[in-house]
Structures are given as C-alpha cells and as structure tokens.
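Here are a few exercises to work through with the coordinates open. Try each task yourself before reading its solution.

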Amino acid sequence: MGTIVLLAIVAGIVFWVIGAYNGLISLKNQVVNGWKQIDVQLKRRHDLIPNLVNTVRGAMDFERSTLDAVISARNRAVGATGVQQTARAEGELTQALGRLFALTEAYPDLKATGNVAQLQEELTSTENKIGFARQLYNDVATQYNTKQMQFPTNLVAGLAKATPAELWEIEDPAERAVPMVDLSADKRGA
Amino acid sequence: MSDDANLFAQQQSNRRRSTWLTLGFILFFAWVGFGGDLAFYLATADGPAGSYRHFFPVIGIFSVLAAGSICWYSWRHGADRVLWAAGAWELIEPATPEQKQLVNVVEEMAIASGLPPPRVWIIPDTDPNAFATGRDAASASIAVTEGLLATLSREELQAVVAHEMAHVRNLDVRLMTLLAGMIGAIALLSDGMGRMIGRGGRAAGRWGGGGGGRRGSGKGNPLALVILVLWLLTLVVAPVVSRILAMAVSRKREYLADATGAQLTRNPMALASALEKLEGATAATRSITTGAAHLCIVDPAPGVLSSREGFLADFVASHPPIRQRIIRLRGMGYQQVKRQSAGALSPQ
C-alpha cells in the first residue's frame with residue numbers, strides 16, 4: 001500500500017516536471033520567434049533606407065547632413081547585436097528618419113513624385129510593424145521571465161536552461177508616446 | 001494574463017454559441033419539416049380507403065437533410081458567399097498607393113494581434129464600411145469598401161482594420177458568418193413555403209371541401225388545426241426572429257471589438273474619429289445585403305434606430321448607436337492621455 005502511494009507521488013512529480021519543463025521551452029521558443037518577427041522588419045527597414053536616400057538625394061542636396069545622419073544611423077543599426085544595442089541603434093535611426101521626413105515636407109514636388117510617397121508609406125508601415133512586433137515580443141518575454149522566476153516553476157528553470165530574456169525598452173519618451181510617422185495629413189482635412 | 005483568459009473565454013463562448021446556433025437551426029428545420037408531415041398525416045389519415053395517406057415523413061427527412069447541408073455549406077463556403085454577395089474582389093497585387101496602404105495596415109494589425117495576415121478584399125461601393133468574415137484566423141478575410149479607403153486617414157484605417165482583426169481573434173467571425181448563411185436560408189425557406197402554401201391553398205380548399213363531409217360525421221381532428229396554425233406561425237415569424245437573433249448577438253460584440261481594436265493600436269481616438277466619419281456618411285452601403293448587415297463595422301442601412309438607445313432599438317438594431325461607441329472610445333483615449341502624462345511626471 002505504502003509503495004503504491006509513494007509511486008503515485010513520484011509519478012505525479014515526474015508529470016509535473018515534464019509539464020513545467022515543456023511550458024518553459026514553449027515560451028522560450030515564442031520569445032525567439034517574437035524576436036525573429038522584429039528582425040524581419042528591421043531588415044526590411046534597413047533595405048528600404050538606401051532607396052529612400054538615393055531618391056531624395058538629388059532634390060535635397062544641401063541638406064546633406066540630415067541624409068548622412070540617416071545613413072550612419074542605418075549602418076550602426078545594421079551592425080548592432082543584442083536586444084539592448086539594437087534597441088538603442090534603432091531608436092536613433094527612427095529619430096534620424098523622423099527629421100528626414102519632416103524635411104521632405106518642405107519639398108512639395110518631392111512628395112508629388114510617386115516614388116518618394118511610396119517609400120515613405122513603406123517605411124511608415126515597417127516602422128509600425130516593428131512597433132507592434134516589439135509589443136508582442138515584450139509581452140511574451142515578460143511572460144517567460146515571470147514564469148521562470150515564479151515558484152515552483154523556478155525549480156525546473158535550470159533544467160530548461162531558461163535565462164531571463166531582455167526586453168526591448170524604449171528610451172526616447174517621444175517615441176514611447178506615438179511611434180508612428182503619419183504622412184496622410186492631407187487626407188484628414190478631406 | 002487576464003487578457004489571455006478573457007480572450008480564451010470569448011473564443012470558447014463563440015465556439016459554444018456556434019454549436020448551439022447550428023443545433024437550433026437544424027431543430028427549426030426539423031420542426032418545419034416534421035410538423036408539415038404531421039399536418040399532412042392528420043389531414044389525410046381519415047380519408048376514404050385507397051386515397052393518398054401521408055405516412056412516411058418525406059418533408060421532415062428532406063428538410064433536416066437540407067438544414068444539414070446548409071450548415072455544412074455555411075461552414076465551408078459561408079465566407080466566400082458573403083464576399084461574393086457584396087461583390088468584393090480580392091486584393092492580391094495592390095495597384096494604387098491606397099491599396100498598398102491597406103495591405104500594409106492589415107499586415108501591421110496581423111502582427112499586433114499575433115495572427116496570420118487575413119486575405120484582403122475590396123468592395124466597389126462609395127459608402128465607407130468594412131467587415132470581417134471567415135471560419136477562424138487562418139481562413140479569415142477582411143473586406144473594406146472603396147469609400148472607406150477614400151475617406152479615412154492612415155491612422156483611422158488602421159483603427160478600423162484593428163476592429164475587424166479583433167472580431168477575427170475573438171472568433172466572432174465564425175458565429176457571424178454561420179448566422180449570415182442561416183439567415184439567408186431561413187428567408188429563402190420562408191419565402192418558398194409562403195409561395196407553396198399560396199399555390200397549395202387552392203388544392204387544400206378542394207381537400208377541405210371533401211373533408212368537410214367527414215368532419216360533419218364527427219371525425220374531425222382539432223389537433224391538426226392547432227399544429228397547422230403553429231406551423232404557419234413559425235414560418236411567418238422565423239425570418240424576423242433569425243434577424244433579431246443576429247442583431248442581438250452582434251450588438252454586444254461591437255463594443256468588445258472596439259475595445260480590443262483600441263488595445264491593438266493603442267490609439268482609441270483614431271477609431272473614434274473613424275466612426276465619426278462613418279456616421280457622417282449617411283448613405284446606405286448598397287452592396288451589402290441585409291443578410292450580412294450584422295458583420296459590418298457600422299450598420300450598412302442606417303435607419304432611425306441606429307442612432308437611438310432604447311427597448312426597440314436594442315431589439316432590432318444590429319449595432320449599438322455610433323454616438324455611444326464614440327463616447328466610450330473617447331473615454332479610453334482620455335484615460336490613456338492621463339496615464340501618459342502621469343507617467344511622464346512621476347519620475348521627476
């Protein structure tokens with residue numbers, strides 16, 4: 001009788017360990033996947049920027065410094081590794097792009113050419129996608145971090161090789177408020 | 001975590017409702033079919049020997065089979081039918097900047113909600129409106145009118161798409177699409193039966209004339225009459241009841257989808273101003289038939305009722321009054337602003 005009870009307890013513990021372990025692994029994969037989602041969008045953004053710079057270069061020759069700032073911010077962002085560094089580099093890139101977009105407002109003929117408007121739309125959308133992918137990533141990463149610290153799941157955290165995932169913190173307060181570049185102001189009046 | 005639990009509860013409740021709806025639909029058809037059989041049986045049971053006796057419940061079996069196939073069809077192809085009825089075409093290769101923007105916005109919202117991107121459709125109609133349909137997230141479609149693309153700014157379009165994605169995520173689309181198929185079928189059945197009864201009335205008159213003599217001999221069956229009356233009544237009432245059901249089911253969901261959509265974009269004010277523009281466009285969305293009205297973001301045929309709260313409006317309007325929805329969204333927006341300014345102040 002006693003052995004049966006003992007066996008039942010051991011079996012229960014084994015099942016619980018398996019469940020907790022699998023739960024942690026699944027969350028870990030979700031975090032990795034969430035980061036991949038961000039990465040896809042970041043790549044796309046990095047690919048779009050040279051196009052934009054080349055298109056506006058001719059018309060905005062005397063605003064060289066803004067363009068150079070965008071290019072160097074982009075190159076730094078491409079080279080960034082790790083969540084913290086990427087987050088900082090991308091934040092700077094967003095600001096540089098914001099200044100560039102603000103400048104293009106002063107060139108009506110530039111906006112009139114379809115190509116620039118199209119590139120702006122693409123960049124806006126990519127930026128939004130980065131923002132939403134970041135939300136998702138941070139949500140999943142927080143869940144993962146909480147899970148591996150909470151008792152009793154923390155007992156299997158070592159077994160699952162779970163280490164806290166870094167969150168993508170937004171340092172720039174302006175970006176935190178509204179991370180979107182709205183280019184359709186002309187439509188809103190209609 | 002509580003958000004997840006809430007979402008899961010919503011999905012569960014929509015799954016359950018879809019099942020009940022399907023069962024109710026089949027039961028209704030069974031009643032119409034077997035009730036007809038019973039009435040027929042009672043009417044012919046005491047006919048003269050050798051005359052036709054209705055014994056085998058052909059109508060009942062046939063209508064249950066029909067109901068089953070309608071359910072199956074609504075499940076498999078309901079979304080396609082709804083889109084087809086609206087005259088929508090699928091946007092695969094965006095040609096204009098506006099179409100490109102729509103595709104981008106849908107992709108953004110798919111990321112925000114963590115769902116696969118739905119298919120995008122455009123309805124050639126100048127009135128701004130939008131709806132989502134499909135069985136689940138993997139088979140979902142979002143359709144918007146050309147008028148919507150023309151009138152809304154990027155942020156507002158994003159808010160509307162987020163609202164539709166919320167319907168997809170909550171699995172509202174499943175229930176709504178099933179309902180759309182069933183409303184159509186019931187309307188068709190009621191019309192068809194009405195016509196048949198109208199035509200059959202003359203024949204029945206002849207039977208009645210023959211039966212009158214027997215009734216005189218004291219063998220009349222009052223039960224047949226009661227069943228016949230009940231049967232006719234359900235046929236008359238069914239289309240109305242089915243539509244009221246659709247409206248009641250859809251109204252609650254609109255507030256919820258507004259809230260979830262605002263959560264996805266973190267921008268409730270954009271949806272409020274989009275709704276304001278949609279309200280301003282008073283023309284009816286002609287492409288969208290009444291059978292699909294409950295799917296849309298705003299009532300495609302705005303009547304007096306869509307602007308009123310109250311007992312009657314609660315009963316028949318497919319959507320809560322837009323004003324009420326805007327007020328709620330504004331409330332969310334102000335809270336957000338308050339939180340943000342509080343957050344900005346607190347570190348100092």
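**Exercise 1.** How many bridges join β3(B) to strand β4 (residues 141-145) of chain B, and do the two run parallel or antiparallel?

*Solution.* A bit of housekeeping before the count: this is a predicted model, where local features need pLDDT of at least 70, side-chain atom pairs count only at pLDDT 80 or more, and totals for chains, interfaces and linings use all residues. Residues are numbered from 1 along each chain as its sequence is written, while chains are lettered from A and ligands numbered from 1 in the order in which they are written.

Step 1: helices (H or I, at least four residues) and strands (E, at least two) are DSSP runs, numbered from the N terminus, and two strands pair if DSSP finds at least two bridges between them. Step 2: β3(B) and β4(B) are joined by four bridges and run antiparallel. Step 3: to check one position, look at B:Thr133, which sits opposite B:Ser141 of β4(B).

**Exercise 2.** Work out the strand order of the open sheet in chain B, and say which strands stand at the edges.

*Solution.* Step 1: β1(B) pairs with β2(B) over two bridges in the antiparallel sense; here B:Glu90 faces B:Trp121 of β2(B). Step 2: β2(B) and β4(B) run parallel, joined by five bridges, and B:Ile123 has B:Thr145 of β4(B) as its bridge partner. Step 3: put together, the four strands follow the order β1-β2-β4-β3 (chain B), with mixed pairing. The edges are β1 (89-90) and β3 (130-133) of chain B; each has a single partner strand, so one side of each lacks a neighbour in the sheet.

Step 4: now for burial, where a residue is buried if 20 or more other C-beta atoms lie within 10 Å of its own, exposed if 12 or fewer, and partly exposed in between, with C-beta atoms placed from the backbone. In β2 (residues 119-123) of chain B, four of the five residues are buried, so the strand is largely enclosed by the rest of the structure.

**Exercise 3.** Describe how α3(B) and α5(B) cross, and place B:Leu102.

*Solution.* Step 1: take axes as lines fitted to C-alpha atoms, for helices over the stretch in contact, with angles from 0 to 180 degrees between N-to-C directions. The axes of α3(B) and α5(B) come within 9 Å and cross at roughly 50°. Step 2: angles under 35 degrees count as roughly parallel, over 145 as roughly antiparallel, 65 to 115 as roughly perpendicular and the rest as oblique, so α3(B) and α5(B) are oblique to each other.

Step 3: two residues are in contact if their C-beta atoms, placed from the backbone, lie within 7 Å. The contact involves, among others, B:Leu102 and B:Val105 of α3(B) and B:Leu157 and B:Val161 of α5(B). Step 4: B:Leu102 belongs to helix α3 (residues 97-113) of chain B and counts as buried because it has 23 C-beta neighbours inside 10 Å. Beyond its neighbours within four places in sequence, B:Leu102 touches B:Leu91, B:Val120, B:Val144, B:Leu149 and B:Leu157. Step 5: α5 (residues 154-169) of chain B also lies across β3 and β4 of chain B, at about 25° to β3(B).

**Exercise 4.** Does the span of α3 (residues 83-104) of chain A agree or disagree with its residue count?

*Solution.* Step 1: the expected span is 1.5 Å times one less than the number of residues. Step 2: for the 22 residues of α3(A) that gives 32 Å, and the end C-alpha atoms are 31 Å apart, which agrees. Step 3: for context, chain A has eight helices and zero strands, and 26% of its 190 residues count as buried.
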